[in-house]
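User: I would like to go through a model with you, starting with the metals and then the charged contacts. Could you take my questions in turn?

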Amino acid sequence: MLTKQQAKIFFLVGTFVTFAIFIGLTIYSLQQVQTKLPEDVARGKHIWEKNNCMGCHTIMGEGAYYAPELTNVIERRGEPFVRGVLQTKKPWQPNGRKMVAYGMNEQETNDMIAFFKWVGNLDLNGFEKVNKKVSPLAVDHMKSNN
Amino acid sequence: MKYKTQKVAYWFWALSMLLLTIQLTYGFIMGFARVGYDGLHQWIPFNTAHTVHLNTLVVWLLSGFMGAAYYIIPEEAETELWKPKLAYLQLIALTLVGVAALTGYHFNIWEGRKFLEIPRELDWLVAIDVILFLVILLMTILKGKKKSTTAWVLYGGLAGAAVLYLPGMISFDSQVLDSFFRWWVVHLWVEGVWELIMGGILAFLLIKLTGVDREVIEKWLYVVIGLTFLSGILGTGHHYYYIGVNKIWLIVGGIFSSLEPLAFLAMTLWALNMYRKGEKKHPNKLAIIWTLAAAIISFLGAGVLGLAHTLPQTNLYTHGTLVTAMHGHLAFWGAYASIVLAIIVYAMPNLTGRKLYDHPRGRLAFWLSNIGIFTMVSAFAAAGVAQVYLERILGYDFGQVQNEIKVHFWVLITGATILSTGITLYIIDFVKYGLPTDEALES
Ligand code: HEM
Ligand code: HEM
Ligand SMILES: [Fe+2]
């Protein structure tokens, strides 16, 4: 039968080995990640963070599930629509769900757009496609609803 | 209780009860917003409610763990706590940071990173507070007569949680790096070091409640935490599938995260076996049911419902949908909420001297809260699966789909009401025990 000492060794060795591999893989994969970003993208990211947009939306699939996934929002909706949403001072409520009216200025809006475009261009191993496609069935349904 | 200073635990748990109440309240705000009653939007928009819900959850659990450590470590080390006054100071500091953070969330003062919303200035106070907590416990263990495995594992988990808080304090310009290191906190907490904390508390409860030999229980504790790290560390990869990093994580994350349920399964089998082997003479029946429930439901919520969406092929479609919320609720409930509620139920009679071991209200609290959470999880499951199918497979628009699945949120609210009734009864019990007293000291 397994002794307490053996169980302890199993714990220590397993932890050490997997931890070492984890650190190795982290270093390896982060070497390929872009760290120097255009300034407007970085500013956009901080506006995203400062307003806790993730408290309702998801981006790259992370956040809350109250409002739409925004990874491809520029492609899905087009830039003018998104600018409108960010700049409006009137509370806006598509499908009855309210969004905070941020009333962003021109500069902030540009930064947010730059951020969305940057995220939209990332290679996300296929996730970027999941939200993009609209099936023919759905198009019919949307038309018949309008 | 065996040592007077164990009383500190009570106050941490009282804070937990308060925060749990706030958590549920803000949960209702979100639930009602989802069925169209969002009258509070102007003052408490969804993101505020969400952030408060998640942060009060994390802090009531942490405060619960801290209370557990202040209760367990003196008893395991066979000594009074080192400088108990500092422990009260630590509690007050924790409370103040909590109040400041929660207030800020209502005024757009936050970091906007799910689970890590506490602003960085306050992060430093959290860090100092936790260091103080760790020093008090370390000094207690070192001056104690005994150095038990249970105490070290519990301590190791808490210290690990403190260290892993740090990667969450770095600021990034890139959303990719931000996400990458956010998971070092969130994932390596709940699927890593927190399992050590849970394992430590569970081991203590099993030793006390079943009377099985400590050496046997602690041997299996090593097996459980061995499986945890073996699978959980590389399992972090299941959050790196779709965030713009190397494809290698699809394989590594897929394989290792699929092994994570083994740690939870081991925990279930361990608890059930020790219970079967034990004498079943302990009078605190409520503590036994909460303890066994934690061991079983953690496997369902984390293990089974985690496995359900952890392979890249499935996660591609379920990623960031209500399927995740289904899993998040049962995993947090089964593992961490239940173990905290179990240790409180175990310790209260010992701290206060009132031997309310087994009574109808206590049982009702247990059953209602569990029936409630299962109802909620079923509602999230139905909503989540429908969302994935309509939105991700058929390609319907987000808002349309949300309207389709609205009805499930009425079920959610029903479940939440049952859960809240159970929790209310639990808190009534907590209050009825009264305050901890030196008269409860066992000779
Ligand atoms: C008690 C342990 C666990 C807790 C408390 C827990 C909780 C959570 C929470 C709250 C999230 C959402 C996180 C966020 O978006 O920030 C999440 C995501 C996830 N969890 Fe767990 N979890 C646990 C264990 C597991 C296990 C053992 C597995 C796998 C077998 C697993 C698989 C996943 C996956 C794949 C996701 C990502 C979902 C997505 O792509 O949206 N979890 N978990
Ligand atoms: C009154 C009871 C509760 C209600 C009505 C409720 C409702 C909700 C709602 C509506 C969300 C947001 C989902 C979204 O993003 O749209 C949420 C998130 C969450 N809640 Fe609750 N909740 C309740 C109790 C609990 C309890 C007891 C726990 C833990 C034990 C918990 C843990 C969580 C977690 C971890 C998340 C984040 C899930 C994720 O993003 O995957 N909640 N809750
Ligand atoms: Fe995870």
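Analyst: The answers below cover the metal sites, the salt bridges and a surface patch.

User: Before that, what sort of model is it, and how are things numbered?

Analyst: This is a predicted model, in which local features need pLDDT of at least 70 and side-chain atom pairs count only at pLDDT 80 or more, while totals for chains, interfaces and linings use all residues. Residues are numbered from 1 along each chain as its sequence is written, chains are lettered from A and ligands numbered from 1 in the order in which they are written, and side-chain values use heavy atoms, with hydrogens and water left out.

User: Which protein donors does the iron atom of ligand 2 have?

Analyst: They are His53(B) and His329(B), each through NE2, at 2.0 to 2.1 Å from the iron. Donors here are N, O and S atoms within 2.8 Å of the metal (3.2 Å for Na, K and Ca); water is not among the atoms, so sites may look incomplete. His53(B) sits in helix α2 (residues 46–77) of chain B and His329(B) in helix α11 (residues 322–352) of chain B, so the pair ties together parts 276 residues apart in sequence. Helices are DSSP runs (H or I, at least four residues), numbered from the N terminus.

User: Is His53(B) buried or exposed?

Analyst: His53(B) counts as buried, at 11% relative accessibility, whereas His329(B) is partly exposed at 23%. Buried means under 20% relative accessible area, exposed over 50%, and partly exposed in between (1.4 Å probe, protein chains only).

User: And what about the iron atom of ligand 1?

Analyst: The iron atom of ligand 1 has a single protein donor, NE2 of His327(B), 2.0 Å away. His327(B) belongs to helix α11 of chain B. The iron ion (ligand 3) is 4.4 Å from the iron atom of ligand 1.

User: Changing topic: how many salt bridges are there?

Analyst: There are 24 over all chains, a salt bridge being a side-chain nitrogen of Lys or Arg within 4 Å of a carboxyl oxygen of Asp or Glu. One of them pairs Asp178(B) with Lys45(A), at 2.5 Å from N to O. Asp178(B) lies in helix α6 (residues 175–210) of chain B and Lys45(A) in helix α2 (residues 39–50) of chain A, so this pair joins two chains.

User: How buried are those two residues?

Analyst: Asp178(B) is buried at 2% relative accessible area, and Lys45(A) is buried at 1%.
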